[in-house]
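User: I'd like a close look at one part of this model, and then a tour of what else is going on in the chain. Keep it informal, but give me the cut-offs.

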Amino acid sequence: MATPVVTKTAWKLQEIVAHASNVSSLVLGKASGRLLATGGDDCRVNLWSINKPNCIMSLTGHTSPVESVRLNTPEELIVAGSQSGSIRIWDLEAAKILRTLTGHKANICSLDFHPYGEFVASGSQDTNIKLWDIRRKGCVFRYRGHSQAVRCLRFSPDGKWLASAADDHTVKLWDLTAGKMMSEFPGHTGPVNVVEFHPNEYLLASGSSDRTIRFWDLEKFQVVSCIEGEPGPVRSILFNPDGCCLYSGCQDSLRVYGWEPERCFDVVLVNWGRVADLAICNDQLIGVAFSQSNVSSYVVDLTRVTRTGTVAQDPVQDSRPLAQQPPPASAPLRRIYERPSTACSKPQRVKQNSESERRSPSSEEDRDERESRAEIQNAEDYNEIFQPKNSISRTPPRRSEPFPAPPEDDTATAKEAAKPSPAMDAQFPVPDLEVLPRPPVVTSTPAPKAEPAIIPAARNEPIGLKASDFLPAVKIPQQAELVDEEAMSQIRKGHDTMCVVLTSRHKNLDTVRAVWTTGDIKTSVDSAVAINDLSVVVDLLNIVNQKASLWKLDLCTTVLPQIEKLLQSKYESYVQTGCTSLKLILQRFLPLITDILAAPPSVGVDISREERLHKCRLCYKQLKSISSFVKSKSGLSGRHGSAFRELHLLMASLD
């Protein structure tokens with residue numbers, strides 16, 4: 001009898017080099033689960049077929065990094081928003097630019113297609129939300145209400161509502177028919193990164209950087225439940241198609257939640273790092289993550305994941321398939337979306353009959369078409385996906401074959417038994433489990449890897465260090481194996497020095513904390529600055545930044561010189577803390593500082609006013625100094641560039 005093969009619950013499917021420079025955004029096609037679009041700092045939008053190494057199509061036309069991309073439901077159109085605030089829409093079947101939309105004054109942070117009509121919603125760092133009519137190439141409505149960048153937009157399944165999430169810690173619900181805000185959902189204590197509508201019921205889920213997921217009742221406009229204790233900021237969530245549970249893509253894991261009451265059904269370990277988007281197809285969850293120019297895709301077998309029933313006890317998955325219990329057959333607790341019928345209410349996509357009808361008569365549209373191109377990199381895959389032979393059958397099919405799972409172990413017997421049929425292997429080849437070949441580079445050859453100018457806050461390996469540097473050199477090949485004691489003695493070198501450094505930092509923090517407990521925030525900050533250790537200043541500012549009411553004008557005079565040092569640091573976490581503190585100061589005190597400095601001199605002697613005027617002059621001088629540095633960094637790409645550009649907009653009144 002043949003040995004049964006135990007397959008994995010989650011596995012890595014492939015890794016590709018998606019762009020010549022860093023990847024800044026990506027999205028999965030939700031209908032097929034097989035189409036991937038990536039936007040990069042090279043100003044291109046590239047399209048890929050999951051588990052195939054070559055780029056299908058490359059879309060050009062943007063003149064600044066692409067920071068947001070979105071596919072429509074039939075996967076026929078794609079919209080991309082850039083750092084400059086422009087939006088471009090391509091028709092993938094026609095392989096050409098369809099529309100260019102302009103009007104935002106800052107980065108495009110979020111996009112979404114209307115589920116039925118030809119409308120697109122866009123959210124920007126300028127805090128505005130705009131609804132665009134693709135056919136008329138114009139802005140239909142502008143929604144105002146957020147005070148910071150809009151990070152996520154989602155249309156409701158019936159197309160009547162629009163949910164928005166922003167850095168101002170709020171979720172807002174907009175009525176598209178009335179053109180006004182229906183409700184605001186406060187409660188998060190950090191930027192809200194993602195929102196998702198339940199596929200059937202009047203229920204909304206939101207995930208935040210405060211490591212919580214909240215569920216909102218859209219009939220009563222109140223919170224249903226709150227899940228806390230996520231291992232990191234929540235950036236990707238997705239409801240199961242039948243609405244029985246919610247998937248949360250966490251740091252290196254997938255978590256399955258219920259909400260009435262709040263509970264965790266299951267935890268699956270997936271080494272995908274920070275997952276960026278999720279899709280479900282054929283009872284498989286596809287997750288994609290990116291790091292620099294690389295994009296990795298992962299698969300989780302949902303038939304082996306508990307989606308209803310008891311609470312998960314252990315994050316390590318059992319090797320046996322789990323029997324799935326059907327969702328309760330009882331009536332839903334909330335109303336169900338009334339989707340318009342296809343016979344009369346559902347807006348249909350306008351089909352142009354000629355080339356002249358596709359093109360706008362304006363000269364600007366002609367110029368956009370000349371500047372924007374759709375470069376088909378792989379004609380065979382393009383024709384297979386975007387050029388169907390008839391109007392009924394379309395590839396990739398709505399029910400494509402699931403990705404085959406690799407065996408749990410890498411023994412020869414398991415490998416032999418796990419080999420798929422030749423037809424399956426040709427369509428979805430299983431990678432070798434021992435040596436995973438690096439996919440071919442689609443774009444130009446990247447420059448040699450050097451140490452980054454900014455050391456990232458989260459990384460898997462030390463910068464500029466190799467483990468071999470800490471071990472003695474092996475001169476004779478026959479003596480390659482080291483004695484344990486010798487190896488440990490080499491590893492322990494420098495350990496005492498590191499202990500001294502950490503002990504000193506702990507002592508400094510204890511000193512600051514002793515002053516903090518007295519309630520004198522200004523003195524505790526002064527003591528942290530006097531220690532002359534930026535790491536202590538960063539630790540303290542991370543606490544102060546969580547409560548804006550702690551900030552006072554005299555505190556700004558002490559902190560601003562330290563912020564200037566943090567912004568110039570090579571450590572990403574230092575730069576992030578400096579940007580957060582500076583943004584709080586600008587939002588709370590810049591109007592006050594400018595008003596006091598612009599006020600006419602008072603008659604007589606007013607000591608308190610003179611002190612306040614002196615503090616404002618100090619702050620203004622320091623802000624002017626920081627402003628020039630922020631302006632010089634506002635042209636950077638990626639996360640730091642976005643933060644510096646936002647600060648530059650806030651500091652515009654200083655010029």
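Where is the place of Arg235?

Analyst: Arg235 sits in the loop between strand 21 (222–227) and strand 22 (237–239). Helices (H or I, at least four residues) and strands (E, at least two) here are DSSP runs, numbered from the N terminus. Before going on: this is a predicted model, where local features need pLDDT of at least 70 and side-chain atom pairs count only at pLDDT 80 or more, while totals for chains, interfaces and linings use all residues. Residues are numbered from 1 along each chain as its sequence is written, and side-chain values use heavy atoms, with hydrogens and water left out.

Back to Arg235. Its relative accessible area is 29%, so Arg235 counts as partly exposed (buried is under 20%, exposed over 50%, partly exposed in between, with a 1.4 Å probe and protein chains only). Leaving out residues up to four places away in sequence, Arg235 touches Asn193, Val194 and Arg274; a contact is heavy atoms within 4.5 Å. The C-alpha of Val195, 40 residues away along the chain, is 9.2 Å from that of Arg235.

For a buried counterpart, try Ser296 in strand 28 (residues 294–301). Ser296 has 10% relative accessibility, so it counts as buried. With residues up to four places away set aside, Ser296 touches Lys12, Gln14, Glu15, Gly287, Val288 and Ala289.

Zooming out, the protein chain has 13 helices and 29 strands. Of its 655 residues, 47% count as buried. Take contacts between residues at least 6 apart in sequence: 55% of them join residues at least 24 apart.

Now some strands. Strand 7 (residues 77–82) and strand 8 run antiparallel, joined by five bridges (two strands pair if DSSP finds at least two bridges between them). Val79 has Ile89 in strand 8 as its bridge partner. Four residues lie between these strands in the hairpin, and there Gly85 takes a positive phi near 100°. Strand 8 also pairs with strand 9 (residues 96–101), again antiparallel and over five bridges, with Lys96 in strand 9 as the bridge partner of Asp91. That hairpin has four residues between its strands too, and Ala95 takes a positive phi near 55°.

Strand 8 itself (residues 87–91) is mostly covered, with five of its five residues buried. In a regular strand, side chains alternate between the two faces of the sheet. Here Ile87, Ile89 and Asp91 point one way, Arg88 and Trp90 point the other way, and all are buried.

A bit further along, four strands make an open antiparallel sheet in the order 10-11-12-13. Strand 10 (108–113) and strand 13 (138–143) are its edges, each pairing on one side only. Strand 10 pairs with strand 11 (residues 119–124) over five bridges in the antiparallel sense, and Val120 in strand 11 is the bridge partner of Phe113.

Then there's the helical part. The largest nonpolar core (buried Ala, Val, Leu, Ile, Met, Phe, Trp, Tyr and Cys residues joined through side-chain atoms within 4.5 Å) has 41 residues, and Trp551, Leu567, Leu582 and Leu623 have the most contacts inside it. Helix 8 (521–530), helix 9 (534–544), helix 10 (553–567), helix 11 (572–598), helix 12 and helix 13 (638–650) each supply at least two residues of this core. Helix 11 gives the largest share, eleven residues. A second, separate core of 28 residues includes Ala163, Ala165, Phe215 and Ile237.

Neighbours within four places aside, Leu582 is in contact with Leu560, Ile563, Leu567, Leu623, Ile626, Val630, Leu647 and Met651. Helix 12 (residues 607–633) has 27 residues and reaches 39 Å from first C-alpha to last, close to the 39 Å expected at 1.5 Å a residue; the expected span is 1.5 Å times one less than the number of residues. Among its buried residues are Leu613, Leu623, Ile626 and Val630.

Last, cysteines: a search of the whole structure finds zero disulfides (a disulfide being a pair of cysteine sulfur atoms within 2.5 Å). For Cys264, the nearest cysteine sulfur is that of Cys250, 8.4 Å away. Cys264 is buried, with a relative accessible area of 16%.
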